[in-house]
Structure formats: C-alpha cells, structure tokens
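Work through the exercises below with the sequence and the 3D structure at hand. Try each task before reading its solution.

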Amino acid sequence: MNDMSQIDQGVSVGDIKMRARDVDVFYNAGAGRRSAEDLRQDASAVRAIKSVNVDINDKTVTAFIGPSGCGKSTFLRALNRMNDTIDGCRVTGEVTLEGEDIYDSKVDPVQLRAKVGMVFQKPNPFPKSIFDNVAYGPRIHGLAQSKSDLSDIVEKSLRRAAIWDEVKDRLDAPGTGLSGGQQQRLCIARAVATSPEVLLMDEPCSALDPIATAQVEELIDDLRSRYSVVIVTHSMQQAARVSQKTAFFHLGDLVEFDDTDKIFTNPSDERTESYITGRIG
Amino acid sequence: MSDLPFEKPPIRSLFAQDARTKKRNRAEARFRVYGLAAVCIGILALVMLLLSILSNGLSSFRQTHVSFPIELTAERVDPEGNRNPGEMARVTTFGYLPLLAEAFEAHLDAEGIETEMDIRELAAMLSEEAPAQVRAMVLANPNLVGTTLEANILVGGRIDGFFKGRVTMESAERDRNVTPAQLELAQILAERGDLGTSFNWSFITAPDASGQRPEAAGLGVAIIGSFYMMIVVLALALPIGVAASIYLEEFAPKNRLTDLIEVNISNLAAVPSIVFGILGLAVFINFMEFNQSSPLVGGLVLTLMTLPTIIIATRASLRAVPPSIRSAALGLGASKMQSIFHHVLPLAAPGILTGTIIGLAQALGETAPLLLIGMVAFVREYPDFVSVHSNAFPLMGDGATALPVQVYSWTQRSDPAFVERASGAIIVLLVFLIFMNALAVMLRRRFERRW
C-alpha cells in the first residue's frame, strides 16, 4: 500500500478505482510526444497541473476544490482524456483505471469515456427528444439488444437521475425544453445510461438555483451507492455536504488531499485553512 | 475616502435636455434617416429593375398566331405517296413555303378580304418559321397528308410587335421588314378573329431560333442545359464542399499548411468567375478533351466556382454549433466522427443547405465562364445528358446553352423583338432564382432546431 492508505480509516470508502501518479498537464505543449522533464524545462509550455497524486475510491464522492484557475477542471478532464480534444494539451505521468494506464497507446479514448462518464458545468442536452438524449450512449455502445431493452435502460437511467417522474409523460419532448435543473439531471441520466464506473462532474450545480442544486446534490449522494463520483465545485459547503474525500488545488499544486471532515475541520496545510476560511481565493 | 474636495454637480432638471443629450439624439435621428434613405434607394432600384424587365419581357409570354385552312395535298408534301416520314422529310421547308403562301392568299380571297399585296408580300407576313412549323406537324403525323389543316401559324416578328405595341404604322413606314399595308391587313384579320394572341408555351419549350425569326425563339435548350449543369454542380459541389469543410473544421491539425489552405479558399471565392472559365477551357476541353459546350463541362466549371462559397458557408455553420454539443457527445464515448455526424452536422444542416442553394443560385446566373467553354453556341438540338451524337465521350453530353448565356446572346442580336425575348428569359431566370431561394428559406425553417 502507498502513503495514502492511512487516510482510508476515517470514513467508509470503497477500493481504489483510479490512481493518478505524478500527473502533469501542459498547455501550449506543441506537437509530438515529449517527456515531462523536457516540457517542464520549456518556458513556452504552461504547466497547469504539477505532479499531482490522487486516488479515486469506488463508491465515494471525491470533491476537487480550489480558487478559479487552480487546475481542478483541467485535472478532472485528464481523468477521461477530454484534454485530448484541446490542441497543444499534453498529460504526463500515470493515470490508471483499475490498474490499466489510460494514457497507454493501446487505449481508445472512446472506450475509456464510456467507462468514465462526464457531466459538464452548463447543462448541454442534445437538441433531440428526452428519450433520444438518454438512449444515445447505449445506442452507440450497443448496450441494448432490443427496443424494449433500450426503453428499460432509459427508464432506469432517468429514475436514477431522479427525473423520471417529471418527464415520463413527455419522453418525446425536446430535452432543450426542460428547465435548467431538469436539463442537468437529464445530462446526468444520459451519463449514467452508459453504465460508467466513474462519473466526473465539472461544477454541475454552478448554473442552477438552490432548489435544483439541492436536488442534484441529493442525486449525487444516491449515485455514490453505485459509482465512484468525482465532483469539481466552487462551493465549499457543497464539497462538505456531498463528498467523503476532498482535494484542495492551488496554482496547479495539489495542496492537500484527505477526508472531507478533516479538510474542513482540521486542515494540515496553512493554505487550505486560509482558503476554507475565506482568506485566499 | 479621498481628501480631494468633492464638488457636488449642479442639480439639473430631468425635463430639460442638456447639450450632450441633444447632440446624441440628433446623431441618432440623423442615422435613422440615412438608414431609411439607404433602404428606400434599394427598394427603388429593385422596383425599377422589375418594372423595366416586366414591361419589356412579359409580352414574350404571349405570341400572335394566324389561323387559316391549309390544304396538304399529297403531291406537294408526299411526292412518293407512301406516307413514310423518312421519305417525306425530303420535302424541305422551301417546299412548304409556297404551300402556305397560296393557302393564305386563297383564304383571303375566300373570305372576300380585299388587298393589293402580291403573294410575296402576303407570305412575308408569316413567320419564316411557319413552313418549318407545318412541316414538323406533317412529319409527326403523316395522316394529315391529303387533309386540310387548320392550325395556329406564327406570324412575323413585326406583325407580332404591332399587337404588342412595339411596331406602329409610323415605324412601319421606315421599316424595310414590314409595310403599313401588311399591318392593316393584320388588323382586319384580328378583328375577324383569324389572328390573335395566346399563351406562348413554345417560349419555354422551343429551342433558340435564328436572328431573323425572333417570334420562334424559345428557352427550351437553355433551360435543359441549365438544369443539367445544376445537377452536375449539386452532385459534385455539395459532397466535396461539405467533406472539405468538415475535414478542415474538425479534423485538420492547426498548422501553417491548414492556414494556407484556408486563406486560399477565401481567395478563391473572390476570384473573377471568368478565370474559372479559362481554367475550364484549359483543363476540361483542351487537356481532357471533353465535348465543347456540353453541360458536363459547364457544370464542372461552375462546381469549381461554387465550391469556395459552399465551403465558407458550411464552415461558418459548423463553427456556429456550440462546442458543448461536441463535448457532450465525446463525453459519452462517441467517436469524433459520431459526434460530428450525429450531432454537429444535423445542427449545421440548415446553414449548409442555405449556403449550397445560394451557391447554386449564383451558378445558375453565371455567364462569363460559360462563354469561354463554348456554351454561347447557337444550339437547336435538345441536349441529352448522355450524348448519343458524340462517339468519343458519350458520357460528356451534347452541346447545350444556359439561361444567362441565352439572355446574353439574345441581347446581341439586331432585331428589336429580341429585347422582349431577352427580358422574358430574365423573368424565367428570376422565377427559378426566387423558387430556389424560397426553397432555401423553407428548408431552413423545416430543419432549424433550437438549443
């Protein structure tokens, strides 16, 4: 076991699902595969994430907090290779999902993203019907054998996202016609429809009002029973409410990673304390 | 906060406007007047254009005919007597001319209409196309031989112009092609009901006619040529343009080469169309030896000309699709191709369709490049898409002409009746353009989705 194992004693968490070791993320890195050392020397490359080590546990909500621009979203996107779509962005170090390096050349990011789903900051349903929104993932991954199978998956996903009762009578209505909170839960339903193992959420409540936020937070707590959830949030109260583990990022460094209770009551780093008490950030 | 003395501004009434506000309001009022004036000038220009084209061209959709009995005796039209169209075709239009002239004179005699004109002058009232018209009827239906045909026969362009207000008794005095006596006779025939105007279907269906017979000239070949070219343009420019745009917008690495290509596409959109004509002449006709003036070559040249328009429009509409849709699809584990074809392309489709139809409309109205590849030729034969006349490259199509080129060549001809024909052709062209633009608007409405 590694040095992180001791913190597992505080709260009940599952096994380690994803492991990030010595992860650096560079922007403006140019083309070609270059070593981390080489990139660190390059003045034109922006080192957005600096040697981060994080373990994501199963059946746990892990929160990433930190001031704007600290790299928490960048690191989140490194976990399902969404950074690949950004020109000049390079990730070095090792990120494993159940022991398999997700940055290995044999890995197809498409398969990875089916296992590591993502919910975005702004609700972004497809301009299609509610049913088609949720059915899209299962369709492209061939998860349903028949039409009734597909309807089952859609219903189950919508129920899991706690939106079934609101939309069951209008599955043919466009997903874009829902309210902001409903749209975000639809996006969560869409993400869970592909049965991911890890669910990444990038500030899922920042565009929502307090009531919708409460609904989504409740949902995140439910989702914990099945998935490993990673959530980026600006709201420290939210991190305290929904997460079991919290990582505090500052200027690209992982300052502290510990049980949420410990971070918010007895942080070991001065910067964490300043941040959660509102002195920096 | 600061130690500087803070001067309280003097209290001003809200009801009195200060100088700055007045100036701003005046500037705004001035700008509104400028804008309104600009719109009015535009509308005025459009109204004048439409008025001039419609007043000149609408009359081309009506044509003056005369009808009198023509005895089709077998010895004149079928000397062999076996009703075989192949052998009857040996009697040329020169054989039919006296037949018509005599029949016309006989008709006048029978009806008791007095005239001092001789048979040559009477025959000159009929269109030069008239014998060909009757000959075509006889060849199409050999059973007519031996019967008396009562058909609408085209009259000459000047007589036609008399009933459309283009030719008057005074102008006829000075005109070598028509005499006042002919016009008077035409007037008498019109009052009797033998001569009249009717809707001119042959203007839309008939091929072009020579400079001496404007009354017979039609747009049939030009419409078919334009239609074939539009098929070629649509079949080539749309897939090539959309594929190129998707590659450049979504897949191409952002480097110098891509930048160079992008700049050059924008430049190509601004290249004068005649340059594409020279290119087409050099590549398709001189080098690849395709048939001159065939719709395929015209379509290829117009495709090259339309491609930049379609690529620019397609890229703009691809760029307008919010990136969150792409992220959403990628985040679900869709491949790049799936995210583009399932989500981005359907959202961009209205823009792509509009761009394509605007490009097609531009191509439909293009004249200059077609002049260089020989489409300005005088074509009487209806072209086939797959040529049966050319042995070398049967797939290249027959020689044809196109609507705007037909307008161009008609405006070159000396007979004033061709002004009417050219304006009529412009009306047909405008109707096609309005139809295509309406289609673009309709498709846009139909496929537009909001997010």
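**Exercise 1. Find the residues of the largest nonpolar core that touch the most other members.**

Solution. Start with the term: a nonpolar core is a set of buried Ala, Val, Leu, Ile, Met, Phe, Trp, Tyr and Cys residues joined through C-beta atoms within 7 Å. A residue is buried if 20 or more other C-beta atoms lie within 10 Å of its own, exposed if 12 or fewer, and partly exposed in between, with C-beta atoms placed from the backbone. The largest core has 79 residues. A:Phe64, A:Ala189, A:Leu199, A:Leu200, A:Val229, A:Val230 and A:Ile231 touch the most other members. The element that gives the most to this core is α7(A), with 6 residues. A second, separate core holds 60 residues, among them B:Met305, B:Ile311, B:Ala313 and B:Met375.

The model is predicted: local features need pLDDT of at least 70, side-chain atom pairs count only at pLDDT 80 or more, and totals for chains, interfaces and linings use all residues. Residues are numbered from 1 along each chain as its sequence is written, while chains are lettered from A and ligands numbered from 1 in the order in which they are written.

**Exercise 2. List the contacts of A:Leu199, leaving aside neighbours within four places in sequence.**

Solution. Contact means that the C-beta atoms of two residues, placed from the backbone, lie within 7 Å. A:Leu199 then contacts A:Gly117, A:Val119, A:Ala191, A:Val192, A:Leu223, A:Tyr227 and A:Val229.

**Exercise 3. Work out the strand order of the open sheet in chain B.**

Solution. Helices (H or I, at least four residues) and strands (E, at least two) are DSSP runs, numbered from the N terminus. Two strands pair if DSSP finds at least two bridges between them. Strand β1 (residues 62-71) of chain B is joined to β2(B) by 7 bridges, antiparallel. One bridge partner can be named: B:Ser67 faces B:Asn152 in β2(B). The order of the 3 strands is β2-β1-β3. The edges are β2 (148-154) and β3 (195-199) of chain B, each paired on one side only.

**Exercise 4. Place helix α6 of chain B against its strands.**

Solution. Helix α6 (residues 130-140) lies across β1 and β2 of chain B. Its angle to β2(B) is about 140°. Axes are lines fitted to C-alpha atoms, for helices over the stretch in contact, and angles run from 0 to 180 degrees between N-to-C directions.

**Exercise 5. Count the residues that each chain brings to the contact.**

Solution. Chain A brings 22 residues and chain B 17. On the chain A side, α3 (109-115), β6 (116-119), α4 (130-141) and α7 (180-192) each give two or more residues.
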